[in-house]
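Subject: Structure handover

Hello,

Please find the structure below. My notes on it follow.

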Amino acid sequence: MNRYKILSLIRFILGFTFLCLYGLIFVGVIQLTPLAKIQFIPAIFNLKNAVLLSFFIVFGHLILTVVFGRIYCSFLCPFGFLQDLIVLWRRNFSYRKVSWFLTIFLAFVFVISIFYSTFLFGFLDPYSLYGKFWSLIIKPAFLIVNNGLHFLLPFIQNLRIYELSLWLIFVFLLYFSFIFSFSFFLGRFFCNFLCPVSAVLRVFSLKTIVRLSIDNTKCIRCMKCEKECPALCIDLKNQYIDFSRCLLCLRCFNCPTHAIDFRTSLKTKNSKKEFFNLSKGFILFLLARNKLFAFNDYRKLRRLPSPPGSISLEHLKKNCVSCLLCVSHCPSKVLKPSFDEYGIDGIFMPVMNYPKSFCIYECNVCGSVCPTGAIKPISIEEKSKIQIGRVKLVKEKCIVYRDKVDCGACSEVCPTKAVFMVEYEGRLFAPETETNYCVGCGACENVCPALPEKAIYVEGHKIHNKAIIRKEKKSTEKLEDFPF
Amino acid sequence: MNRREFFRRSFKYLLGAASGFLLKDFNILFSKEVEDKPFDLVAIRNGEVEIMFDEAITYLGGINRFVRKDSNVLIKPNIGFALPPERGATTNPALVAHIAKRCFEAGAKKVYIFDNSVEFGDLCYRNSRIEEAAKRVGATLVPGGSTKYFQNVKIPKAKSLKEAMVHEVFLEADVLINVPILKTHSSTRATIGLKNNMGVVWDRYFWHRNDLHQCIADFSVFRKPELTVVDAYRVLTRNGPRGVSMEDVSVMKTMILSPDPVAADAAGARILGFNPEEIGYIRIASREKQLGEYDLSKLNIKRIAL
């Protein structure tokens, strides 16, 4: 074992560990969701929302990049490592120049997504893509198999499953197979050509201090390194490594003469001019952006609420990178990834799936796992004062009003008694609503037994409202003697 | 501590222990007196659940009257909501555990605990702390979240609920001990024992669609519980059956035991301040189904205040 092998091995083990770790965190096997906050894009969003800790995380990422190059891409990013696994046996790549135009374009996509709409991050953020990979493919597959098997095997229990739009899975699978099939020709295709984090880090690793370079005297021009490099950044003909694009996978350490090694250097190519010319164009794009994304309201159907703590639909769309951590961790599985519920620019973001399930009044898991602050971490007391939607009762469909028999299922489950029962026609109890108390949890809609349509439903708010807490005096009934 | 004090203290402890023995003997004497003629209903108050249960069950002839050796017992608490026991929406876990313990002592082979909750079953089992209580005494908590556990059965002499999907543990148990908690209810006014049986079927909302009172009464004759233990330690006197906050809970420290499910419900309804006759399912179960007697003045009742 020489130094080169040990370093590659360490990198591989680290990468694999993070790959598994994040996978297990996404599906909820390991309860370490705060770890999601050290990923680059969640940290950036936390920085935007002025979370102190994220300042150090982002700063740390940048320092690491400036000193050692793209450590993040090397093993911290699980999606990058996943591609490494896909191309593990491919050894016939070749050098390819990636223009700075693309990089600057992606860097602007990065900035726009952070401040205006996270729509593109749904497809371009490596962290959330990895989350979607687990929550849209692996976990549902596991749950379906488990729930199928539980009919045959007595010791397997039925597990709750969140609803998924088949179109959504189709779109995602199409995109996923697109990325990975291109990987066979262009190495880590996503990292090289699509990833905005990669673009930002490329800018920061322009002047990296410790960098890989080729020793002219040792190199025997065997082309092994160029063929193996999945970042396509080794130009052996010109004896040049574009280290700003190096993903530090260390496959070039396989060099038979060890001509490639870390060396400190301060020489770089200058591309400042290009950078500023491009900037002008993108400022125009920025101004035009508001017109481009103005199609939120095309849906005429009832509006499903966004999860409590997300403040408003706008806040959600500006901060959610759709990693689906909340969907996977939701105990009642009321959250599902949206397809068109929020409009096209809200694709993949969590939406309350009424009437399939309902939000548990005493639960605040989604906010506590959210790594970007799109769903704020709120206490249960704070949550009880948030109204995400408002109850609507349709008396013509209600069993009590229509069939003249007692029912009251809605009021039974209402945690705030925003739905309460009043005497009706002398002998019956019929539901009435007091919307100020309603938090919009959807329990009433979930249980309403009326057929063919539910008689009670929750209409979501675009901007969350305040719910009033019902104040009643302490019940002091005492039993002095048996009343019989 | 010097020697003299040591002796003095030891003597005190001994005295205490001896008086304990005395008390125990006294109890035996006491229960012998009533064993001759079991009561129809026992109501007890002002005690902790374990003490109240042990005291009350002696007046019904002891737990051995209900639980035979090597029988399978199903304890059916109300675990409808994923709330802590302090909120008064679910049966006291201490009581459930204690009954399970007494069943084992009476020679039960297995003790099952089951409820098909309104909210998510696994969360209800955990939050109500009945999961923990069952584990402590070695009772089996039966899951209910899948149709594979449920069998379709016909309900005899039914008006509304002619058939239902019923959990297999309910069908197979030799002894059924119904342990409801006393609560007000938004549409049926009170939920006690008969309504608690709703938690063994798969589709509770069929009942809601097809005259709730009639369905509860229809199902009550399908399987009559051997014993009904109404937990009225914490009582939701308003906003039932879920309750809005701790403010809705009154601590009444009461318990009602009866082999007659209708009588137990009638007594519970009285505690909540209702006339049992006003509650639809109690009236139908008693007068049309002849399941039991709700007129408490006709019954032989033992009232105990500790």
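To read the first item, note how axes are defined: they are lines fitted to C-alpha atoms, for helices over the stretch in contact, and angles run from 0 to 180 degrees between N-to-C directions. Helices (H or I, at least four residues) and strands (E, at least two) are DSSP runs, numbered from the N terminus.

This is a predicted model, in which local features need pLDDT of at least 70 and side-chain atom pairs count only at pLDDT 80 or more, while totals for chains, interfaces and linings use all residues. Residues are numbered from 1 along each chain as its sequence is written, and chains are lettered from A and ligands numbered from 1 in the order in which they are written.

Helix pair in chain B

The axes of helix H10 (residues 261-271) and helix H11 (residues 280-288) of chain B come within 10 Å and cross at roughly 150°. The crossing of H10(B) and H11(B) is left-handed (the near helix is turned anticlockwise from the far one by less than a right angle). H10(B) contributes B:Val262, B:Asp265, B:Ala266 and B:Ala269 to the contact, and H11(B) contributes B:Ile282, B:Ala285 and B:Ser286. Contact here means that the C-beta atoms of two residues, placed from the backbone, lie within 7 Å.

Strand S1 in chain B

Five of the five residues in strand S1 (residues 41-45) of chain B are buried, that is, 20 or more other C-beta atoms lie within 10 Å of their own, with C-beta atoms placed from the backbone. B:Leu41, B:Ala43 and B:Arg45 point one way from S1(B), and B:Val42 and B:Ile44 point the other way. S1(B) runs parallel to strand S12 (residues 301-305) of chain B, joined by five bridges, and B:Ile44 stands opposite B:Ile304 in S12(B). With strand S11 (residues 249-258) of chain B, S1(B) runs antiparallel and shares four bridges; B:Arg45 stands opposite B:Thr254 in S11(B).

Chain A and its interface

Chain A has 20 helices and 10 strands, and buried residues make up 44% of its 484 residues. The C-alpha atoms of chain A fill a box of roughly 105 × 55 × 45 Å along the principal axes. Chain A averages a pLDDT (the predictor's confidence in each residue, from 0 to 100) of 88. Over residues 290-299 of chain A the pLDDT is below 50.

In the interface, 35 residues of chain A are in contact with 36 residues of chain B. Helix H19 (residues 409-413) of chain A supplies four residues, the largest share of the side of chain A that touches chain B.

Regards

Methods
Buried ≥ 20, exposed ≤ 12 C-beta atoms within 10 Å, placed from the backbone. Pairing = 2+ DSSP bridges.
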